[in-house]
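Trainee: Could you take me through one part of this model in detail, moving from its local build outwards to whatever surrounds it?

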Amino acid sequence: MFLTSGESDNVIAKPLVWNYGDAIGYCDIINSGSTIEQASIYLNPDAPFTVGAAYGQYDIQSVITHEAGHALGIAHCHEIGESCFSSTCSLNAMNPIAQTNSIQRRTLQQYDSASYIYIYLYS
Amino acid sequence: MKMLLKRAFALVITIGVTASILSACAAKPASSKITRTFSACYAAKTVEELCKECVTVVHGKVSKIGPSSDVGDTVHTAVEVAVQEQFKGNSQTAKTCSYWEVGGETDTQVVTPTDGALITVGQEAFFFIFKDGSRYPGYYVKDGKVTLEQFMKPDLFTSSDGNFKSISVEKFTDIVRSCVK
(Lines give C-alpha, C1' and ligand atoms only; values in the text may rest on other atoms or scores of the structure.)
Protein backbone atom coordinates (compact mmCIF):
# COMPACT_ATOMS: atom_id res chain seq x y z
CA MET A 1 0.00 0.00 0.00
CA PHE A 2 2.76 2.47 0.85
CA LEU A 3 5.09 1.76 -2.00
CA THR A 4 5.43 4.63 -4.40
CA SER A 5 3.36 3.91 -7.47
CA GLY A 6 2.31 5.68 -10.60
CA GLU A 7 -1.14 6.34 -9.18
CA SER A 8 -0.12 8.03 -5.96
CA ASP A 9 2.90 8.89 -3.93
CA ASN A 10 2.55 6.97 -0.66
CA VAL A 11 5.87 6.83 1.11
CA ILE A 12 7.57 5.89 4.35
CA ALA A 13 10.61 8.08 4.78
CA LYS A 14 13.13 9.59 7.11
CA PRO A 15 13.25 13.08 5.59
CA LEU A 16 16.40 15.16 5.70
CA VAL A 17 14.47 18.18 6.92
CA TRP A 18 12.01 17.74 9.79
CA ASN A 19 9.15 20.26 9.75
CA TYR A 20 6.96 18.62 12.38
CA GLY A 21 8.29 19.93 15.68
CA ASP A 22 9.08 17.49 18.46
CA ALA A 23 7.14 14.59 16.93
CA ILE A 24 8.74 11.15 16.63
CA GLY A 25 6.49 10.00 13.80
CA TYR A 26 4.18 11.95 11.51
CA CYS A 27 1.47 10.86 9.10
CA ASP A 28 0.44 13.22 6.31
CA ILE A 29 -2.76 12.43 4.47
CA ILE A 30 -4.09 14.10 1.35
CA ASN A 31 -7.87 13.86 1.25
CA SER A 32 -10.51 14.26 -1.37
CA GLY A 33 -13.78 14.45 0.51
CA SER A 34 -13.89 11.33 2.67
CA THR A 35 -11.40 9.50 0.45
CA ILE A 36 -7.75 9.15 1.43
CA GLU A 37 -5.88 9.84 -1.80
CA GLN A 38 -2.35 9.63 -0.49
CA ALA A 39 -0.68 8.87 2.82
CA SER A 40 2.91 9.50 3.73
CA ILE A 41 4.64 8.42 6.93
CA TYR A 42 7.68 10.28 8.15
CA LEU A 43 10.07 9.30 10.94
CA ASN A 44 12.06 11.94 12.80
CA PRO A 45 15.66 11.57 11.56
CA ASP A 46 16.96 12.71 14.96
CA ALA A 47 14.97 10.16 16.99
CA PRO A 48 16.68 6.93 18.05
CA PHE A 49 15.02 4.02 16.24
CA THR A 50 15.83 0.35 16.42
CA VAL A 51 14.15 -2.96 15.69
CA GLY A 52 13.06 -4.55 18.94
CA ALA A 53 13.12 -3.41 22.54
CA ALA A 54 16.18 -1.39 23.52
CA TYR A 55 16.76 1.16 26.27
CA GLY A 56 16.10 4.73 25.10
CA GLN A 57 15.15 3.64 21.58
CA TYR A 58 11.89 3.36 19.68
CA ASP A 59 10.90 0.11 18.02
CA ILE A 60 10.43 1.09 14.39
CA GLN A 61 7.75 -1.57 13.86
CA SER A 62 5.65 -0.20 16.73
CA VAL A 63 5.91 3.38 15.44
CA ILE A 64 5.08 2.32 11.88
CA THR A 65 2.10 0.32 13.17
CA HIS A 66 0.88 3.50 14.86
CA GLU A 67 1.39 5.72 11.81
CA ALA A 68 -0.09 3.09 9.47
CA GLY A 69 -3.21 3.28 11.65
CA HIS A 70 -3.39 7.01 10.88
CA ALA A 71 -2.83 6.29 7.20
CA LEU A 72 -5.93 4.11 7.35
CA GLY A 73 -7.86 6.93 9.01
CA ILE A 74 -7.69 5.85 12.66
CA ALA A 75 -7.32 8.55 15.31
CA HIS A 76 -5.42 8.47 18.59
CA CYS A 77 -7.21 6.83 21.51
CA HIS A 78 -6.85 10.18 23.28
CA GLU A 79 -4.91 13.38 22.90
CA ILE A 80 -1.94 14.13 25.14
CA GLY A 81 -3.18 15.47 28.44
CA GLU A 82 -6.79 14.52 27.72
CA SER A 83 -8.60 11.70 29.49
CA CYS A 84 -8.71 8.35 27.71
CA PHE A 85 -11.80 6.19 27.75
CA SER A 86 -10.13 3.07 26.40
CA SER A 87 -9.50 0.46 29.10
CA THR A 88 -6.29 -0.59 27.34
CA CYS A 89 -5.06 2.98 26.76
CA SER A 90 -1.38 2.52 27.58
CA LEU A 91 -1.22 -0.63 25.44
CA ASN A 92 -3.03 0.75 22.38
CA ALA A 93 -1.04 1.01 19.17
CA MET A 94 -2.85 4.32 18.65
CA ASN A 95 -1.67 5.85 21.93
CA PRO A 96 -0.09 9.24 20.99
CA ILE A 97 3.00 8.70 23.17
CA ALA A 98 5.69 6.53 21.63
CA GLN A 99 7.33 4.05 24.00
CA THR A 100 11.02 3.30 24.22
CA ASN A 101 12.38 -0.11 25.16
CA SER A 102 9.16 -1.90 24.18
CA ILE A 103 7.57 -3.83 21.35
CA GLN A 104 4.16 -3.90 23.03
CA ARG A 105 2.55 -1.54 20.52
CA ARG A 106 3.22 -3.82 17.58
CA THR A 107 0.18 -5.71 18.79
CA LEU A 108 -3.25 -4.28 18.09
CA GLN A 109 -5.63 -3.87 21.02
CA GLN A 110 -9.40 -3.79 20.90
CA TYR A 111 -9.45 0.01 20.38
CA ASP A 112 -7.16 -0.29 17.37
CA SER A 113 -8.97 -3.08 15.58
CA ALA A 114 -12.43 -1.86 16.54
CA SER A 115 -11.64 1.59 15.09
CA TYR A 116 -10.65 -0.01 11.80
CA ILE A 117 -13.79 -2.15 11.74
CA TYR A 118 -15.95 0.87 12.58
CA ILE A 119 -14.47 2.98 9.77
CA TYR A 120 -14.48 0.36 7.03
CA LEU A 121 -17.47 -1.78 7.89
CA TYR A 122 -19.95 0.56 9.53
CA SER A 123 -19.20 4.08 8.29
CA MET B 1 1.87 26.44 -51.71
CA LYS B 2 4.27 28.12 -49.30
CA MET B 3 1.51 30.40 -48.01
CA LEU B 4 -0.81 27.41 -47.55
CA LEU B 5 1.82 25.62 -45.46
CA LYS B 6 2.34 28.73 -43.33
CA ARG B 7 -1.42 28.99 -42.66
CA ALA B 8 -1.66 25.29 -41.83
CA PHE B 9 1.27 25.62 -39.41
CA ALA B 10 -0.30 28.67 -37.73
CA LEU B 11 -3.61 26.80 -37.37
CA VAL B 12 -1.92 23.81 -35.75
CA ILE B 13 -0.09 26.09 -33.27
CA THR B 14 -3.30 27.96 -32.42
CA ILE B 15 -5.24 24.74 -31.79
CA GLY B 16 -2.38 23.38 -29.67
CA VAL B 17 -2.14 26.49 -27.47
CA THR B 18 -5.93 26.65 -27.04
CA ALA B 19 -6.12 22.97 -26.06
CA SER B 20 -3.31 23.43 -23.53
CA ILE B 21 -5.05 26.39 -21.91
CA LEU B 22 -8.39 24.57 -21.76
CA SER B 23 -6.89 21.40 -20.26
CA ALA B 24 -4.97 23.39 -17.66
CA CYS B 25 -8.16 25.16 -16.60
CA ALA B 26 -10.12 21.91 -16.44
CA ALA B 27 -7.47 20.07 -14.42
CA LYS B 28 -7.33 22.37 -11.42
CA PRO B 29 -9.48 25.41 -10.76
CA ALA B 30 -7.47 28.29 -9.39
CA SER B 31 -9.50 28.27 -6.18
CA SER B 32 -8.88 24.59 -5.31
CA LYS B 33 -6.59 23.81 -2.36
CA ILE B 34 -4.89 20.62 -1.29
CA THR B 35 -6.65 19.27 1.81
CA ARG B 36 -4.39 17.49 4.25
CA THR B 37 -4.88 15.94 7.67
CA PHE B 38 -2.06 14.93 9.95
CA SER B 39 -1.31 13.06 13.13
CA ALA B 40 1.88 12.77 15.10
CA CYS B 41 3.22 10.74 18.00
CA TYR B 42 5.56 12.14 20.60
CA ALA B 43 8.24 11.10 23.04
CA ALA B 44 7.21 10.61 26.67
CA LYS B 45 8.92 13.58 28.26
CA THR B 46 8.49 14.41 31.93
CA VAL B 47 7.82 17.94 33.13
CA GLU B 48 11.39 18.05 34.43
CA GLU B 49 12.79 17.02 31.03
CA LEU B 50 10.68 19.64 29.27
CA CYS B 51 11.78 22.35 31.69
CA LYS B 52 15.38 21.46 30.95
CA GLU B 53 15.05 21.04 27.17
CA CYS B 54 12.70 23.91 26.31
CA VAL B 55 14.01 27.45 25.84
CA THR B 56 10.73 29.07 26.89
CA VAL B 57 8.21 27.89 29.47
CA VAL B 58 5.16 30.05 30.16
CA HIS B 59 1.63 29.91 31.52
CA GLY B 60 -0.78 32.01 29.50
CA LYS B 61 -3.63 32.31 27.03
CA VAL B 62 -3.52 32.29 23.25
CA SER B 63 -4.07 35.89 22.14
CA LYS B 64 -3.52 35.70 18.39
CA ILE B 65 -3.35 33.01 15.72
CA GLY B 66 -1.61 33.49 12.38
CA PRO B 67 -0.20 34.12 9.92
CA SER B 68 0.22 30.68 8.37
CA SER B 69 2.89 29.75 5.87
CA ASP B 70 3.76 26.77 3.67
CA VAL B 71 6.72 24.83 5.03
CA GLY B 72 7.66 21.86 2.89
CA ASP B 73 4.53 19.75 2.49
CA THR B 74 2.83 21.19 5.55
CA VAL B 75 1.75 24.50 7.06
CA HIS B 76 3.06 26.28 10.13
CA THR B 77 0.85 28.74 11.96
CA ALA B 78 2.24 31.38 14.28
CA VAL B 79 0.63 31.52 17.72
CA GLU B 80 0.96 34.44 20.12
CA VAL B 81 0.48 33.85 23.83
CA ALA B 82 -0.43 36.49 26.41
CA VAL B 83 1.87 35.49 29.25
CA GLN B 84 0.54 35.21 32.78
CA GLU B 85 3.79 33.86 34.18
CA GLN B 86 7.09 33.16 32.49
CA PHE B 87 9.11 30.41 34.12
CA LYS B 88 11.93 30.27 31.60
CA GLY B 89 12.93 32.39 28.60
CA ASN B 90 15.07 35.18 27.32
CA SER B 91 13.08 37.92 28.96
CA GLN B 92 11.58 37.19 32.35
CA THR B 93 9.30 40.21 31.94
CA ALA B 94 7.84 39.31 28.51
CA LYS B 95 4.13 40.05 28.15
CA THR B 96 3.77 37.89 25.07
CA CYS B 97 5.64 35.02 23.49
CA SER B 98 5.28 33.25 20.16
CA TYR B 99 5.68 29.78 18.80
CA TRP B 100 4.37 27.81 15.80
CA GLU B 101 1.99 24.89 15.44
CA VAL B 102 1.77 22.45 12.56
CA GLY B 103 -1.47 23.06 10.65
CA GLY B 104 -3.38 25.98 9.24
CA GLU B 105 -4.50 27.36 5.90
CA THR B 106 -2.56 29.08 3.16
CA ASP B 107 -3.35 30.00 -0.46
CA THR B 108 -2.43 26.49 -1.59
CA GLN B 109 -3.43 24.06 1.17
CA VAL B 110 -5.51 23.42 4.27
CA VAL B 111 -3.80 21.29 6.94
CA THR B 112 -5.79 20.11 9.97
CA PRO B 113 -5.13 17.61 12.75
CA THR B 114 -6.90 14.25 12.44
CA ASP B 115 -8.00 14.53 16.05
CA GLY B 116 -9.92 17.73 16.56
CA ALA B 117 -8.97 21.26 15.72
CA LEU B 118 -6.03 23.61 15.93
CA ILE B 119 -5.50 25.61 19.09
CA THR B 120 -7.87 28.58 19.42
CA VAL B 121 -7.69 32.11 20.76
CA GLY B 122 -8.43 32.14 24.48
CA GLN B 123 -7.03 28.65 25.13
CA GLU B 124 -5.18 28.63 28.45
CA ALA B 125 -2.22 26.32 28.82
CA PHE B 126 1.31 25.84 30.03
CA PHE B 127 3.46 26.24 26.92
CA PHE B 128 6.73 24.31 26.70
CA ILE B 129 8.48 25.80 23.67
CA PHE B 130 11.53 24.24 22.03
CA LYS B 131 14.49 25.91 20.38
CA ASP B 132 12.97 25.39 16.90
CA GLY B 133 9.87 27.37 17.97
CA SER B 134 7.49 24.40 18.24
CA ARG B 135 5.88 23.30 21.50
CA TYR B 136 5.20 20.05 23.28
CA PRO B 137 1.48 19.19 23.03
CA GLY B 138 -0.96 19.11 25.95
CA TYR B 139 -0.83 20.90 29.32
CA TYR B 140 -4.10 22.69 28.64
CA VAL B 141 -5.93 24.36 31.51
CA LYS B 142 -9.60 23.44 31.81
CA ASP B 143 -11.78 24.57 34.71
CA GLY B 144 -8.69 25.67 36.62
CA LYS B 145 -7.04 22.27 36.31
CA VAL B 146 -4.30 20.62 34.28
CA THR B 147 -4.67 16.96 33.34
CA LEU B 148 -1.43 15.05 33.65
CA GLU B 149 -0.61 11.65 32.25
CA GLN B 150 1.52 9.37 34.38
CA PHE B 151 4.62 9.75 32.19
CA MET B 152 4.55 13.54 32.68
CA LYS B 153 5.08 13.44 36.44
CA PRO B 154 5.40 9.81 37.58
CA ASP B 155 6.16 10.65 41.22
CA LEU B 156 2.72 12.30 41.60
CA PHE B 157 0.92 9.07 40.83
CA THR B 158 0.06 6.27 43.18
CA SER B 159 -0.95 2.77 42.10
CA SER B 160 -4.63 3.64 42.56
CA ASP B 161 -4.51 6.79 40.38
CA GLY B 162 -4.52 5.13 36.97
CA ASN B 163 -2.83 6.90 34.07
CA PHE B 164 -4.46 10.31 34.41
CA LYS B 165 -4.73 12.86 37.16
CA SER B 166 -6.04 16.44 37.25
CA ILE B 167 -4.32 18.93 39.51
CA SER B 168 -4.97 22.63 40.16
CA VAL B 169 -3.20 25.32 38.15
CA GLU B 170 -1.64 26.58 41.39
CA LYS B 171 -0.15 23.17 42.19
CA PHE B 172 1.15 22.70 38.65
CA THR B 173 2.60 26.23 38.72
CA ASP B 174 4.58 25.28 41.84
CA ILE B 175 5.83 22.13 40.09
CA VAL B 176 7.05 24.09 37.06
CA ARG B 177 8.63 26.80 39.23
CA SER B 178 10.63 24.19 41.12
CA CYS B 179 11.65 22.48 37.85
CA VAL B 180 13.21 25.54 36.25
CA LYS B 181 15.21 26.60 39.35
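**A sheet in chain B and its surroundings**

Mentor: In this predicted model, a convenient place to begin is helix α3 of chain B, residues 169-180, which lies across β8, β9 and β10 of chain B and runs at about 95° to β10(B). The three strands that the helix crosses form an open sheet in the order β8-β9-β10 (chain B), and their pairing is antiparallel. Its edges are β8 (141-142) and β10 (164-168) of chain B, each of which pairs on one side only. Within this sheet, strand β9 of chain B, residues 145-149, is joined to β10(B) by five bridges in the antiparallel sense, and one position to look for is Lys145(B), whose bridge partner in β10(B) is Ser168(B).

From here the view can be widened to the other chain, where 32 residues of chain B are in contact with 30 residues of chain A. On the chain B side, the elements that give two or more residues to this contact are β1 (34-43) and, once again, β9 of chain B, with β1(B) giving the most, at 10 residues. Sorted by class, the side of chain B that touches chain A holds 16 nonpolar, 11 polar and five charged residues.

Strand β1(B) also takes part in pairing across the two chains: two bridges join it to strand β6 of chain A, residues 97-98, and these two strands run parallel. If you wish to find that pairing in the structure, look for Ala98(A), which stands opposite Ala43(B) in β1(B).

Notes: Residues are numbered from 1 along each chain as its sequence is written. Chains are lettered from A and ligands numbered from 1 in the order in which they are written. This is a predicted model: local features need pLDDT of at least 70, side-chain atom pairs count only at pLDDT 80 or more; totals for chains, interfaces and linings use all residues. Two strands pair if DSSP finds at least two bridges between them. Helices (H or I, at least four residues) and strands (E, at least two) are DSSP runs, numbered from the N terminus. Two residues are in contact if their C-beta atoms, placed from the backbone, lie within 7 Å. Axes are lines fitted to C-alpha atoms, for helices over the stretch in contact, and angles run from 0 to 180 degrees between N-to-C directions. Ala, Val, Leu, Ile, Met, Phe, Trp, Tyr, Cys and Pro count as nonpolar, Asp, Glu, Lys and Arg as charged, and the others, Gly among them, as polar.
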